[in-house]
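Reader: Could you take me on a close look at one helix and what it packs against? I would enjoy following its contacts from one neighbour to the next.

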Amino acid sequence: MKELEFLKEQNVSEDLIHGVEEFRKNYGVDEAAAARVTRPSIPFYGKEILEMAIAGLLEGENLLLAGPKATGKNILAENLAYAFGRPIYNVSFHVNTNSGDLIGTDTFVNNEVCLRKGSIYQCAEYGGFGILDEINMAKNDAVSVLHATLDYRRSIDVPGYDRIDLHPAARFIGTMNYGYAGTKELNEALVSRFLVIDMPAQTEETLGLIFNKMFPEAK
């Protein structure tokens, strides 16, 4: 399977690769979300991190990728979604992100009030991989939505509408940098809902692989 070639090139465990293949067979992608299954610009290089992340996702865990900038957090998240064959829903947290941005807001369609579904709602509905970028910038209002979504309940209460249960293939991958303006410490309750992976800095070897992949003709 071409989507998993970058895993085989790095000698990722065959059992894990087989697990990913089974996951893809068990969970198809709805036609409405098929356009969100996208190939990353470059593969992620790092066997140990890949194996840890894949094992966690196969066990139903959500991931929190923590570390300094330029460690490949978003590249890893995109590669995992592509390997698992899931649509991607990106949420970039900032000081103005609120629960309505995640779940959805009321709008008029044919003179009727309808819910315009937010990224988290669609991710839950279609079994996507939700990338929660800079999650440590989220306000309490937004974090409150994530609590029930990320724990064993795997559901979202939509005020005025209904409760939706997460698709069994849905996973969430949070990313966070330390020490930036506007960031804060995540509370223990939220962190406990993730498998935390500390992203190591790039090495000469991984940088060489990236450059060779992006610029194969360069000296």
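Author: Happy to. In this predicted model, helix α2 (residues 14-26) and helix α3 (residues 47-58) have axes that come within 10 Å and cross at roughly 40°. The two helices are therefore oblique to each other, and α2 passes α3 in a left-handed crossing. On the α2 side the meeting residues are L16, G19, V20 and F23, and on the α3 side they are E51, I54, A55 and L58. Sorted by class, the residues of this α2 and α3 contact comprise six nonpolar, one polar and one charged.

Let's stay with α3 and turn to its next helical neighbour. Helix α4 (residues 73-84) packs with α3 at an angle of about 55°, and their axes are 11 Å apart. Here too the description is oblique, so α3 and α4 are neither roughly parallel nor roughly perpendicular. The handedness is right-handed as α3 passes α4. From α3 come I49, L50, A53, I54, L57 and L58, while α4 contributes L76, L80 and F84. In this contact of α3 with α4 there are nine nonpolar residues, with no polar and no charged ones. You may have spotted I54 and L58 in the α4 contact; I54 and L58 also belong to the residues of α3 that meet α2.

Now for the sheet. Its five strands form an open sheet in the order β2-β5-β8-β1-β9, with parallel pairing. At the edges stand β2 (88-92) and β9 (195-198), each with a single partner strand, so one side of each lacks a neighbour in the sheet. From one strand to the next, the twist averages 20°. Within the sheet, strand β1 (residues 63-66) runs parallel to strand β8 (residues 171-176), and four bridges join them. One bridge partnership pairs L63 with I173 in β8. Helix α3 packs on this sheet, where it touches β1, β5 (129-133), β8 and β9, and its direction makes about 170° with that of β9.

Finally, back to α2 for a polar link. The structure holds five salt bridges, and one of them joins the side chains of E3 and R24 at 3.6 Å, N to O. Because E3 lies in the segment before α1 (5-9) and R24 sits in helix α2, this pair ties together parts that are 21 residues apart in sequence.

To gather the thread: α3 meets α2, makes its contact with α4 and packs on the sheet.

Terms used:
Residues numbered from 1 in each chain as written. Predicted model: local features only at pLDDT ≥ 70, side-chain atom pairs only at ≥ 80, totals over all residues. Heavy atoms only, no water. Axes fitted to C-alpha atoms, helices over the stretch in contact; angles between N-to-C directions. Parallel < 35°, antiparallel > 145°, perpendicular 65-115°, else oblique. Left-handed = near helix turned anticlockwise from the far one by under 90°. Contact = heavy atoms within 4.5 Å. Nonpolar A, V, L, I, M, F, W, Y, C, P; charged D, E, K, R; others polar. Pairing = 2+ DSSP bridges. Salt bridge = Lys/Arg side-chain N within 4 Å of Asp/Glu carboxyl O.
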